Amino acid sequence: MLSCLLIEGEEKMDAPYSQKVMEHFQNPRNVGEIENPDGIGHVGNPVCGDIMELYIKVENNIIVDAKFKTFGCGAAIATSSMVTELVKGKTVDEALKISNRAVAEALGGLPRIKMHCSILAEQALRSAIDDYLKKSKKV
Ligand code: FES
């Protein structure tokens, strides 16, 4: 599944996708929107054009639900799926510490040229949490 754009100056694919990446790409978890979300993150990568939206529901400072809609490559879909799985049950502070590397590691790794897709997932989560904090007037 090497259908993503090649970005000028980047090296060729240096490793195949892990089984876990393929599994999350083919059966993504938590696809869709949350009705009346507490936070919405909306991010995009201007180079490849991929777009990610992430919705969170927060109760008593715990992220109880997360969903996503991603228009993007297979790795963007897999990292969106994984970040929504990782974030559920975490406090807001714990969720802010979820890094793109943690998302990639949970997927069994990503080829180097696809690491930017995991950065989009991290940014979408942070954007949703920022939105939640603004709405709840905590920033
Ligand atoms: S190629 Fe754009 S996020 Fe994967």
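Two residues are in contact if their C-beta atoms, placed from the backbone, lie within 7 Å. That cut-off underlies the account of helix α2 below.

This is a predicted model. Its pLDDT averages 91, and 88% of the residues score at least 70. Residues 1-12 stay under 50 in pLDDT. For that stretch the model has 15 contacts beyond four places in sequence. Where pLDDT is low, the predicted coordinates should not be read in detail.

Start with α2, residues 74-87. At 1.5 Å a residue, its 14 residues should span 20 Å, and the end C-alpha atoms are indeed 20 Å apart. Of these 14 residues, 12 are buried, so the rest of the structure largely encloses α2. Buried positions include Gly74, Ala75 and Ala76 at one end of the list, and Val83, Thr84 and Val87 at the other.

What covers them? The cover of the buried α2 residues includes two strands, β2 (51-59) and β3 (62-71). It also includes the helices α1, α3 (92-96), α4 (100-106) and α5 (115-135).

Now take α1, residues 19-26. Its axis packs against that of α2 at about 85 degrees, with the axes 8 Å apart. The two helices are therefore roughly perpendicular to each other. From α1, the contact uses Val21, His24 and Phe25. From α2 come Gly74, Ala75, Ile77, Ala78, Ser81 and Met82. Six of the residues in this contact are nonpolar, three are polar and none is charged. Ile77 and Met82, for example, meet α1 and are buried.

Beyond α2 comes Gly89. Its phi is positive, near 90 degrees.

Note on methods: Residues numbered from 1 in each chain as written. Predicted model: local features only at pLDDT ≥ 70, side-chain atom pairs only at ≥ 80, totals over all residues. Axes fitted to C-alpha atoms, helices over the stretch in contact; angles between N-to-C directions. Helix = DSSP H or I, 4+ residues; strand = E, 2+ residues; numbered from the N terminus. Parallel < 35°, antiparallel > 145°, perpendicular 65-115°, else oblique. Nonpolar A, V, L, I, M, F, W, Y, C, P; charged D, E, K, R; others polar. Expected span 1.5 Å × (residues − 1). Buried ≥ 20, exposed ≤ 12 C-beta atoms within 10 Å, placed from the backbone. pLDDT = per-residue confidence, 0-100.
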